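I opened this entry to go through the model piece by piece. My aim was to look up the core, the strand pairing and one helix.

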Amino acid sequence: QTKQFIPNVDHLVPFNSQVMLINDVAGSENGMNLILANTDGPPIHVHPLEEEQIIVVEGNLEVYLDKKWNKLTAGEQIFIPKNAAHTYRNRSNEPCIFEYKLTPNGSFSKMMVTLETLAKERKLTSTKDLKSIIYMAMTFDKYKRDVKSVAPPAFIMSLFSTIGKIK
(Lines give C-alpha, C1' and ligand atoms only; values in the text may rest on other atoms or scores of the structure.)
Protein backbone atom coordinates (compact mmCIF):
# COMPACT_ATOMS: atom_id res chain seq x y z
CA GLN A 1 0.00 0.00 0.00
CA THR A 2 1.45 3.37 -1.08
CA LYS A 3 1.24 6.20 1.41
CA GLN A 4 -0.14 9.50 0.16
CA PHE A 5 2.45 12.28 -0.17
CA ILE A 6 1.84 15.05 2.34
CA PRO A 7 4.22 18.04 2.14
CA ASN A 8 5.90 18.50 5.49
CA VAL A 9 7.08 21.50 7.43
CA ASP A 10 6.92 19.53 10.68
CA HIS A 11 10.47 18.28 10.13
CA LEU A 12 11.66 21.90 10.20
CA VAL A 13 11.59 21.86 14.01
CA PRO A 14 15.07 20.23 14.14
CA PHE A 15 15.97 22.05 10.91
CA ASN A 16 19.42 23.14 12.10
CA SER A 17 20.65 19.58 12.28
CA GLN A 18 19.09 18.64 8.94
CA VAL A 19 20.49 21.20 6.52
CA MET A 20 24.07 22.32 6.24
CA LEU A 21 24.76 25.27 3.95
CA ILE A 22 28.22 24.89 2.47
CA ASN A 23 28.29 27.31 -0.49
CA ASP A 24 31.83 26.42 -1.57
CA VAL A 25 31.11 26.03 -5.31
CA ALA A 26 31.59 29.27 -7.26
CA GLY A 27 28.41 30.61 -8.88
CA SER A 28 26.06 28.28 -7.01
CA GLU A 29 24.47 27.55 -3.66
CA ASN A 30 25.14 24.11 -2.28
CA GLY A 31 24.88 22.07 0.86
CA MET A 32 23.86 18.79 2.42
CA ASN A 33 20.48 17.70 3.69
CA LEU A 34 19.50 14.97 6.12
CA ILE A 35 15.94 13.74 5.67
CA LEU A 36 14.68 11.43 8.36
CA ALA A 37 13.23 7.97 7.70
CA ASN A 38 9.64 7.88 6.42
CA THR A 39 9.49 11.65 5.99
CA ASP A 40 7.97 13.80 3.27
CA GLY A 41 9.88 16.80 2.01
CA PRO A 42 8.77 20.34 1.15
CA PRO A 43 5.72 21.24 -0.94
CA ILE A 44 6.04 20.63 -4.67
CA HIS A 45 7.84 23.72 -5.98
CA VAL A 46 9.91 25.19 -8.81
CA HIS A 47 13.06 27.30 -8.92
CA PRO A 48 12.27 29.92 -11.60
CA LEU A 49 15.89 30.88 -12.30
CA GLU A 50 18.01 28.03 -10.94
CA GLU A 51 18.64 24.47 -11.97
CA GLU A 52 19.24 21.94 -9.22
CA GLN A 53 21.37 18.84 -8.89
CA ILE A 54 20.77 16.29 -6.12
CA ILE A 55 23.29 13.56 -5.30
CA VAL A 56 22.43 10.87 -2.75
CA VAL A 57 25.33 10.30 -0.36
CA GLU A 58 23.73 7.75 1.95
CA GLY A 59 20.39 5.97 2.03
CA ASN A 60 17.45 6.16 -0.37
CA LEU A 61 15.63 9.20 -1.71
CA GLU A 62 12.61 9.61 -3.94
CA VAL A 63 12.53 12.75 -6.08
CA TYR A 64 9.30 13.89 -7.73
CA LEU A 65 10.11 15.18 -11.23
CA ASP A 66 8.26 14.95 -14.57
CA LYS A 67 5.07 13.92 -12.73
CA LYS A 68 6.64 10.73 -11.34
CA TRP A 69 8.69 9.59 -8.37
CA ASN A 70 12.31 8.70 -9.21
CA LYS A 71 14.04 6.37 -6.72
CA LEU A 72 17.68 7.15 -6.02
CA THR A 73 20.22 5.24 -3.94
CA ALA A 74 23.68 6.20 -2.66
CA GLY A 75 25.87 7.49 -5.49
CA GLU A 76 22.97 8.28 -7.83
CA GLN A 77 21.98 11.77 -8.87
CA ILE A 78 19.25 13.67 -10.63
CA PHE A 79 19.24 16.95 -12.55
CA ILE A 80 16.26 19.29 -12.13
CA PRO A 81 15.94 21.98 -14.82
CA LYS A 82 14.79 25.47 -13.85
CA ASN A 83 10.98 25.78 -13.63
CA ALA A 84 10.58 21.99 -13.21
CA ALA A 85 8.06 21.01 -10.51
CA HIS A 86 9.79 18.83 -7.93
CA THR A 87 10.10 17.74 -4.32
CA TYR A 88 11.63 14.83 -2.44
CA ARG A 89 10.77 12.29 0.24
CA ASN A 90 12.32 9.38 2.11
CA ARG A 91 10.11 6.28 2.21
CA SER A 92 12.77 4.02 3.69
CA ASN A 93 13.28 3.06 7.34
CA GLU A 94 16.72 4.73 7.38
CA PRO A 95 17.67 8.40 7.17
CA CYS A 96 19.03 9.75 3.89
CA ILE A 97 21.80 12.27 3.31
CA PHE A 98 21.99 14.09 0.01
CA GLU A 99 23.97 16.95 -1.50
CA TYR A 100 22.25 19.69 -3.45
CA LYS A 101 23.53 22.39 -5.76
CA LEU A 102 21.50 25.28 -7.19
CA THR A 103 22.96 27.20 -10.14
CA PRO A 104 23.22 30.15 -10.67
CA ASN A 105 23.68 31.64 -7.22
CA GLY A 106 20.51 33.23 -5.77
CA SER A 107 18.99 33.77 -2.33
CA PHE A 108 18.07 30.15 -1.53
CA SER A 109 20.53 29.99 1.39
CA LYS A 110 19.03 33.15 2.88
CA MET A 111 15.58 31.57 2.57
CA MET A 112 16.81 28.46 4.42
CA VAL A 113 18.19 30.64 7.23
CA THR A 114 14.83 32.47 7.40
CA LEU A 115 13.00 29.14 7.71
CA GLU A 116 15.40 28.00 10.45
CA THR A 117 14.81 31.22 12.37
CA LEU A 118 11.03 30.87 12.08
CA ALA A 119 11.25 27.25 13.26
CA LYS A 120 13.39 28.23 16.26
CA GLU A 121 10.85 30.92 17.11
CA ARG A 122 8.11 28.23 16.89
CA LYS A 123 6.39 30.15 14.08
CA LEU A 124 6.67 27.07 11.84
CA THR A 125 5.31 24.08 13.70
CA SER A 126 2.86 22.14 11.51
CA THR A 127 1.28 22.00 8.08
CA LYS A 128 -2.08 21.96 9.89
CA ASP A 129 -1.44 25.19 11.80
CA LEU A 130 -2.74 28.34 10.06
CA LYS A 131 -0.03 30.53 11.61
CA SER A 132 2.69 28.22 10.24
CA ILE A 133 1.10 28.20 6.79
CA ILE A 134 0.98 32.00 6.75
CA TYR A 135 4.64 32.32 7.80
CA MET A 136 5.67 29.75 5.18
CA ALA A 137 3.67 31.64 2.53
CA MET A 138 5.27 34.96 3.54
CA THR A 139 8.72 33.35 3.24
CA PHE A 140 7.92 31.94 -0.21
CA ASP A 141 6.68 35.40 -1.22
CA LYS A 142 9.83 37.10 0.07
CA TYR A 143 12.03 34.68 -1.90
CA LYS A 144 9.79 34.22 -4.97
CA ARG A 145 12.79 34.78 -7.25
CA ASP A 146 14.21 31.52 -5.87
CA VAL A 147 11.18 29.33 -5.20
CA LYS A 148 7.49 29.17 -6.15
CA SER A 149 5.00 26.69 -4.79
CA VAL A 150 3.18 24.39 -7.21
CA ALA A 151 1.12 22.46 -4.64
CA PRO A 152 -0.41 24.37 -2.99
CA PRO A 153 -0.68 26.71 -5.99
CA ALA A 154 1.34 29.94 -5.94
CA PHE A 155 -1.81 32.09 -5.90
CA ILE A 156 -2.95 30.39 -2.66
CA MET A 157 0.48 31.00 -1.11
CA SER A 158 0.26 34.64 -2.26
CA LEU A 159 -3.19 34.97 -0.65
CA PHE A 160 -1.89 33.60 2.68
CA SER A 161 1.13 35.91 2.44
CA THR A 162 -1.18 38.91 1.98
CA ILE A 163 -3.22 37.83 5.02
CA GLY A 164 0.00 37.64 7.02
CA LYS A 165 1.00 41.16 6.00
CA ILE A 166 -2.40 42.53 7.08
CA LYS A 167 -2.14 41.07 10.59
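These notes cover the core, then the strands, then an aromatic pair, and end with two local look-ups.

**Entry 1: the core.** I noted at the start that the model is predicted. I looked up the largest nonpolar core, which has 28 residues. Ile-54, Leu-61, Val-63, Phe-98 and Met-111 touch the most other members. I then checked which elements supply this core with at least two residues each: strand 5 (51-58), strand 6 (60-65), strand 8 (77-80), strand 10 (96-103), helix 1 (108-120) and helix 2. Helix 1 gives the largest share, five residues. I set beside this the general tendency of nonpolar side chains in soluble globular proteins to be buried together.

**Entry 2: strand 10.** I followed the side chains along strand 10 and found that they alternate. Cys-96, Phe-98, Tyr-100 and Leu-102 point to one face and are buried. Ile-97, Glu-99, Lys-101 and Thr-103 point to the other face and are not buried.

I next asked which strands pair with strand 10. Strand 2 (residues 29-35) runs antiparallel to strand 10 and is joined to it by seven bridges. Within that pairing, I recorded Met-32 as the bridge partner of Glu-99. Strand 5 also pairs with strand 10 in the antiparallel sense, over seven bridges. There, Gln-53 stands opposite Lys-101, and Ile-54 has Tyr-100 as its bridge partner.

I then turned to strand 8, which pairs with strand 5 in the antiparallel sense over four bridges. In this pairing Glu-52 of strand 5 is opposite Ile-80 of strand 8.

**Entry 3: Phe-98 and its ring partner.** I counted Phe-98 as buried because its relative accessibility is 2%. I listed its contacts, leaving aside neighbours within four places in sequence: Gly-31, Met-32, Asn-33, Ile-35, Ile-54, Ile-55, Val-56, Val-57, Leu-61 and Tyr-88.

The structure holds three aromatic pairs. In one of them, the ring centres of Tyr-88 and Phe-98 are 5.0 Å apart and the planes stand at 70°, so I entered the pair as edge-to-face. Tyr-88 lies in strand 9 (residues 86-90) and Phe-98 in strand 10, ten residues apart, and the pair links distant parts of the chain. Tyr-88 is buried too, because its relative accessibility is 12% and the cut-off is under 20%.

**Entry 4: Leu-72.** I found Leu-72 in strand 7 (residues 68-73). Is Leu-72 buried or exposed? Its relative accessibility is 7%, so I put it down as buried. Apart from neighbours within four places in sequence, Leu-72 is in contact with Val-56, Gly-59, Asn-60, Leu-61, Val-63, Gln-77 and Ile-78. For Gly-59 I also took the C-alpha separation from Leu-72, which is 8.6 Å across 13 residues of chain.

**Entry 5: helix 3.** I looked at helix 3 (residues 154-166), which has 13 residues. From first C-alpha to last it reaches 18 Å, close to the 18 Å expected at 1.5 Å a residue. Which residues of helix 3 are buried? They are Met-157, Ser-161 and Gly-164. Down the helix axis these buried residues fall within an arc of 55°, so they line one face of helix 3. On the other side, Phe-155 and Ile-166 are exposed. I last checked what the buried residues of helix 3 pack against, and found helix 2 (130-142) and strand 11 (148-151).

Methods: Residues are numbered from 1 along each chain as its sequence is written. This is a predicted model: local features need pLDDT of at least 70, side-chain atom pairs count only at pLDDT 80 or more; totals for chains, interfaces and linings use all residues. Side-chain values use heavy atoms; hydrogens and water are left out. The expected span of a helix is 1.5 Å times one less than its number of residues. Buried means under 20% relative accessible area, exposed over 50%, partly exposed in between (1.4 Å probe, protein chains only). The arc is that of the directions from the helix axis to the C-beta atoms. Contact means heavy atoms within 4.5 Å. A nonpolar core is a set of buried Ala, Val, Leu, Ile, Met, Phe, Trp, Tyr and Cys residues joined through side-chain atoms within 4.5 Å. Two strands pair if DSSP finds at least two bridges between them. Rings of Phe, Tyr and Trp (its six-membered ring) pair if their centres lie within 6.5 Å; planes under 30 degrees apart count as stacked, over 60 as edge-to-face and the rest as tilted.
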